[in-house]
Amino acid sequence: DAYLSQLQSLHETCEDLDATKELHILYSIARKIVLLNDSSIFEHIIRDENIVEFIGMLEHDPKNPVERGAYRDFIRSGSRYKEAVPIGDPATESKIHQSFRLQYLKDVVLPGVLDDGSLPVVNELIFFNNAQITNYLQNNESLLKDLFETLHESSDAEKKRNVVMFVRQFSAMTKTLPPVYRVSLYRTLSQHGLFYVFEYALQENDQSLQVAAADVLLSVLEQDRALVRSYALAQMRQDREGATLFSLVIRGSKRAIGSEIQLLCCEILRILLDTMLPPADAFEMGNIGAGESEDFLAMFYEIYAHSTMECLLKITAKDIEILGARDKRSAFYVFLCELLSSMMRFHGYRARSFITSSGAFDSICLFLSAKHSFLKLAALRFFRTCIGLQDNVYNKYLTGNDLLAPIVELFVSIYPRDNLLTSACRELFAFVASNHLPSLLSHLLGAHSKALERVPTVLENLRQAYNEHLDSLEQIKNGGMATPTVDTSRRSVLSINMLVGREGANHGALSTSNTDGGGPWGSHAVDDIEDAYLEAEDDDADFIDDDEGLAKVPSKIARRGRIGESMRMESMAKQSPELKVLQDCLEQYSGGDSKPLLIEELVVGKKSERGSTSPSSLSVDGDSHMSVVLDQSPDESAGALLQTRGEFLDTALPLKRHVSFNNGAAAVGCNTDTSESLGNAGMANSHVSV
């Protein structure tokens, strides 16, 4: 103390004599005292009798001799300390002053002086002072009661303003405290009327009051969202007259676009509606209000969802045209798109119902025609989120309203430029292809294949993915058997059944070129194939295992044994290209110790009375399994007897049938009671001879 007093006396003398060199020496001494990193020295420095003269020595920086600091004038100004209500404790008031001075030294006087050793000492002193101040205020019931009653009882606008500013500084002071302590503090303040401070300030015309209230509300949300949500629910249940806290926040998000209060309110909305972030009240404080999230979302979508998205839902194409890069509304629209995407991801059926019924898709589609890329990217991110959910309701809505058309048009218009927009479009289509989304694949290839021809790589990926989807459906139909496939010149994958069918009357329908809505990728073709699969599954429910049917297998239709080499070569020479594909499959899966089976003939019978043919077919999967699909004559049973490597899988024929295994041979036959159904279906007489 004596040393500091002597330095202060010497400093006053040097200033009176205008001794610049000596004042610079005193600055160096004061600086080295700070760098001693002793907390007791800092406690002496910030005392009332020492602080003014000590920071006066730090005003004479030799590196800046022209402009002196005015630190003493700021500290001497007593008007900066205001009491919203009397503290009533001198020790606490002293701690408040000390914390203020330490913060001033850290941020203004010594920012270039404090090193890594002295800075933690200052922070530690600030932390302990703030903890003592907060503890006193939180436990002083009478002080808190007087503080918040001022807003209700006083008519003095200045006193009410002081209350709001006091709450803001009190909240800022607690930011250095542990989260558990802050949660407890906010809940204590909420019991005395903290939320009324927000409602009062957000309704005032003074923007500084609005910013102060929104800042404190944001701090509360970061620590305890459940507290704010439970208050909003309580307001709704009480059915009070006047504006609610939630409605005031929504109003603030649309007021003075681009201002600080508008940005704070948007962030408050984002945190309130984000139900996936872990609440801070999990720190051994109990999870008060955590079960009210669903009630909160129900309230939001019932009362506030339309008003929150009002600006987005009312936008028109003309509004999009006049939006500029520096227009503050552009950033707000981007925020609404992001908020809607978050709602779609986390709010489930409530968001789905709101988005599909409100016309939000149509509004966001308009941004794909905007002049600036960041608006287009905002819309693309929304659609990418929607498709990424792989929700059938969203997918049907997209295809039913042709909402992918603007994306295709945008992609084609900017191709082949390589930029962020093209990358985003490519990634979207790649996701559709890699995840085999059938409804979107069918829609893109059926309605937009001509437009996508300008981007052949993307179109090829979509086609390949769609063909893989068709193959998976066929495997399901065949009970898990993989059907051999053949690549045509169009790089389309056609099943063996399709190849054989080209010999029949359906050749034209199966070999049509790929046009919009036609060919194997057209939506009609897909519907027919999927309907056939569903009918096949329904018929499989009638499966009957009947051993007696083995006796009814006609020898003229099926036989087993080996074929001589000469007969084999002669028969292979007569095979059609389609049957050679089947023959290759049989040779691949035949045993090494015996000659492979040979498809000697595939006879397609006469046309039925209805004038159509229905060929038989063979399929072999990757596990050496073989199946035969046989059409039955209306007047006799049909069957087949096949010799393989001892492995056999049931036929894919959706008819009543029986299966028997005998030393590696399996006989499959159709019951005679299926004749009527086959006849009604218009099937032709045909058989396979092996």
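The buried residues of helix α13 pack against six named helices: α10 (179-192), α11 (194-203), α12 (207-223), α14 (245-253), α15 (260-273) and α16 (293-308). The model is predicted. It contains 34 helices and nine strands. Its average pLDDT is 74, and 67% of the residues score at least 70.

**Helix α13**
- Helix α13 covers residues 225-238.
- Its 14 residues should span 20 Å at 1.5 Å a residue, and the end C-alpha atoms are 20 Å apart, so the span agrees with expectation.
- Buried positions in α13 are R225, A226, L227, V228, R229, A232, L233 and Q235.
- D239 follows α13 and has a positive phi, near 55 degrees.

**Helix α28**
- Helix α28 runs over residues 456-477, 22 residues in total.
- From first C-alpha to last, α28 reaches 31 Å, close to the 32 Å expected at 1.5 Å a residue.
- Hydrophobic-type names among its buried residues include V458, L459, L462, A465, L470 and L473.
- R463, Y466, N467, H469 and E474 are also buried in α28.
- After α28 comes G479, with a positive phi near 70 degrees.

**Nonpolar cores**
- The largest nonpolar core holds 126 residues.
- Within this core, F246, L340, M343, I355, F361, F367 and F383 touch the most other members.
- Beyond four places in sequence, M343 touches L273, F300, Y301, M309, G348, A351 and F354.
- Another core lies apart from the largest one and has 32 residues, including I45, M57, V109 and V121.

**H347, between two helices**
- H347 sits in the loop that links α19 (328-346) and α20 (348-358).
- The relative accessibility of H347 is 4%, so this residue counts as buried.
- A polar atom of the H347 side chain lies 2.7 Å from the backbone oxygen of L273.
- The side chains of H347 and Y301 make a polar contact at 2.5 Å.
- Leaving out neighbours within four places in sequence, H347 is in contact with L273, T275, L297 and Y301.
- L273 and Y301 also appear among the residues that M343 touches.

**Q98 in helix α6**
- Q98 belongs to helix α6, residues 90-109.
- With a relative accessible area of 18%, Q98 is buried, because the cut-off is under 20%.
- Outside its neighbours within four places in sequence, Q98 is in contact with I46 and N129.

**Whole protein**
- Of the 690 residues in the protein, 47% are buried.
- Among contacts with a separation of 6 or more, 68% join residues 24 or more positions apart.
- The accessible surface is about 33500 Å², and carbon and sulfur atoms contribute 50% of that area.

**Low-confidence stretches**
- Residues 482-526 have pLDDT below 50.
- Even so, the model gives this stretch 91 contacts beyond near neighbours in sequence.
- Residues 536-569 stay under 50 in pLDDT as well.
- For residues 536-569 the model has 57 contacts beyond four places in sequence.

Technical notes:
Residues numbered from 1 in each chain as written. Predicted model: local features only at pLDDT ≥ 70, side-chain atom pairs only at ≥ 80, totals over all residues. Heavy atoms only, no water. Core = buried A, V, L, I, M, F, W, Y, C linked by side-chain atoms within 4.5 Å. Buried < 20%, exposed > 50% of the residue type's maximum accessible area, 1.4 Å probe, protein only. Contact = heavy atoms within 4.5 Å. Helix = DSSP H or I, 4+ residues; strand = E, 2+ residues; numbered from the N terminus. Areas by Shrake-Rupley, 256 points an atom, 1.4 Å probe, with all protein chains shown as cover. Polar contact = N/O pair within 3.5 Å; in protein donor to acceptor, adjacent residues only side chain to side chain. Expected span 1.5 Å × (residues − 1). pLDDT = per-residue confidence, 0-100.
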